[in-house]
Protein chains: 2
Amino acid sequence: MRVSKKAATIYDIAQLAGVNPSTVSRALTTPGRINAKTEAKIRAAATELNYRVNPFARALPTGRTKMLAVMVADITNPVFFDVVRGAESAAAEEGYTLVIAESQESSINEADALERITPAVDGVILATTRLDDQTIQGLNRQKPVVLVNREVENVSDVVPDNLPGIKEAVEHLAANGHKHLAFLSGPSASWINIARWEALLKFAVAYGMTIVEIGPNEPNLEAGSKAIERIQASGATAVFTYNDLMGIGLLRAAAERGIKVPKELSIIGFDNIFGSDFTTPPLSTIALPLVQVGRNAVEAVLRQLDSNEDVVPHGSDLQTAFILRGSTGQVKA
Amino acid sequence: MRVSKKAATIYDIAQLAGVNPSTVSRALTTPGRINAKTEAKIRAAATELNYRVNPFARALPTGRTKMLAVMVADITNPVFFDVVRGAESAAAEEGYTLVIAESQESSINEADALERITPAVDGVILATTRLDDQTIQGLNRQKPVVLVNREVENVSDVVPDNLPGIKEAVEHLAANGHKHLAFLSGPSASWINIARWEALLKFAVAYGMTIVEIGPNEPNLEAGSKAIERIQASGATAVFTYNDLMGIGLLRAAAERGIKVPKELSIIGFDNIFGSDFTTPPLSTIALPLVQVGRNAVEAVLRQLDSNEDVVPHGSDLQTAFILRGSTGQVKA
DNA sequence: ATTATTTTGGCAATCGGTTGACAAAACTAT
DNA sequence: ATAGTTTTGTCAACCGATTGCCAAAATAAT
């Protein structure tokens, strides 16, 4: 067994400083409560002993662990990179530590992982959860929950406004002569998938275009590639994919079959993930302010924790935006 | 404040089952210690109350938290995601939870974050740390440490063998008529950077080629792009970049200047990150078995934890491999 | 039937902090 | 100088589990 001269405790400090342990606790946690000189002495002793508060000992009476959980469906999905990054930095600023868990796109794993982690954290951020509304509401009764890209009644969320980005994108296609659109959809249980579809539907109709949904599909490269036949069969000249990963898959499949993008087919993804501009042509996409989403999610959790509000009102000032790159263009003459 | 009917404790179970709390603890943690019938009754009560052990209460007497920390330099660097993924799944299998912290490529942040997290975990995995050897050895005295892609005396590590992949790559270049190589190096403090350079040097010389080091550089896209002039000036016909990110940056800069890859310049990255095959041409690279690296790192930590070994011997059976894609080819006639 | 042995479960101390209640000390005001 | 207030630090209970020790109960052996 690692011997590791075990960490100093407040009792060690108390002895060194010649005061009671509870005085040490007060000096360290409630500045001002204790006489300045005594506090200085205690702080000096703490420094000398290289004291670090034992987070578990503290968590026991207070119930606060200073940890937040982020649940993601797939840790290798680049969408999460930025969300996690934003969350990480916001959490660190407030002295919180992030715990990241992965559900591997399965609601069973997700429930499991959540059960393991929930007791250990002060709040939970669910990014692309597959849980049903009831489960989420139940969880929210135990610990503050914030949803990313999903809305559930009585649960806080951070959902950038879909409409601006989708509107711009549809406008762009209309301006380039497209008449027939397709949406290569993602998991049917995905709230954001439905939200995207509904917004697309609305704008396509508004601009006098037809649109069909092709799916559901797994939200990955492979599913994007495999869909090429159905896309072609649909007669659509432009296709939105549920996410960039699928868009990239589709781009590849098109290249393999000699289908020219954007000449014969325009492709627009969602998310603007890392690497979406590495492709040839670079993928046009509807970008989410992912870093800010992560930050806002942490803030929302902490707000619930600090205040006694049970629910933070829906809605955020975050917006999507269309990023025009090379995978979209004029419809074939 | 969230009311949350507070979680059931072993005392609640004890009352419901009509036994002593310590009996509950034994029944739940030491199967067999308690009469089967009593244990069944206790388990039933636990299930009925939806009991979850409070990890903090448990951690206090045992000192074990069932959590492991993974420290990464940059959470947006795709290299880490596979490592984290591997680590996550290995940890989950053993009932451990991963805590991920980011140093943002700064040794000060890293020391800070480590100080915050170390008391809360049973072991630490350092991926691309910027800490110096002494600090790492000091940390290793407190908690088991496993290094990824770095070696420090008396500290365990997981380092795939560089040589096979580099050898293959250099051979490939030699077979294609290259005579002058360059290595676009990464951070000078990076152990793996030095290891890669030394291996390249060795094989370049062995195959009768010249090689120069160009750097140090930040390990990101931008630094790769900015290096294009120096690469050209060096007269090298093939360049290895410290990582794929830099290789992709270089690829882009080359495209912008009309330099044909691989006709005029061959480029080989390291790591085989997500997206390295999205580029045009797709990037040839030296792949690390990153997922397995993550898994092995967790295993190494747990081995130290379970046994009383203080150090696990260096070396692993993991290897690098050259992945031939489109960014390398025959030297210009 | 009695003693020896093994199981089983309860008691109580412990981990390292936090915090309400309270008394001693210090300070203020009259 | 005395009573009234405020400040400061101590005491002790508590958070929820774990675990060594021990006695009671059950079982086995003679």
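**Exercise 1. Find which atoms of the protein approach the phosphates of DNA strand D in this predicted model.**

Solution. Start with chain A: a phosphate oxygen of DNA strand D lies 3.1 Å from a backbone N or O atom of Asn35(A). Then turn to chain B, where a polar backbone atom of Ile10(B) is 2.6 Å from a phosphate oxygen of the strand. A side chain also takes part: a polar side-chain atom of Tyr51(B) is 2.8 Å from a phosphate oxygen of DNA strand D. A polar contact is a pair of N or O atoms within 3.5 Å.

**Exercise 2. Describe the surface near DNA strand D: which residues come nearest, and which helices supply it?**

Solution. Around the strand there are 26 residues, and those that come nearest are Thr23(A), Thr38(A), Ile10(B), Ser25(B) and Arg26(B). Next, sort the residues by class: eleven are nonpolar, eleven polar and four charged. Now look at the helices. In chain A, helix 2 (21-29) and helix 4 (55-62) each give at least two residues. In chain B, helix 1 (10-17), helix 2 (21-29) and helix 4 (55-62) do so. Helix 4 of chain B has the largest share, five residues. Last, consider the DNA side: of the atoms of DNA strand D within 4 Å of the protein, 52% belong to sugar or phosphate, and the rest to bases.

**Exercise 3. Determine how chain A is related to chain B.**

Solution. Chain A superposes on chain B by a rotation of 180 degrees, with 0.0 Å of shift along the axis and an RMSD of 0.2 Å. This is therefore the relation of a two-fold axis. Both copies use the same surface, as 100% of the contact residues of chain A recur in chain B.

Notes:
Residues are numbered from 1 along each chain as its sequence is written. Chains are lettered from A and ligands numbered from 1 in the order in which they are written. This is a predicted model: local features need pLDDT of at least 70, side-chain atom pairs count only at pLDDT 80 or more; totals for chains, interfaces and linings use all residues. Side-chain values use heavy atoms; hydrogens and water are left out. A residue is near a molecule or strand if one of its heavy atoms lies within 4 Å of it. A polar contact is a pair of N or O atoms within 3.5 Å; within protein, one must be able to donate a hydrogen and the other to accept it, and residues adjacent in sequence count only if both atoms are side-chain atoms. Helices (H or I, at least four residues) and strands (E, at least two) are DSSP runs, numbered from the N terminus. Ala, Val, Leu, Ile, Met, Phe, Trp, Tyr, Cys and Pro count as nonpolar, Asp, Glu, Lys and Arg as charged, and the others, Gly among them, as polar. Copies are superposed by least squares on the C-alpha atoms of residues with pLDDT of at least 70 in both. Contact means heavy atoms within 4.5 Å.
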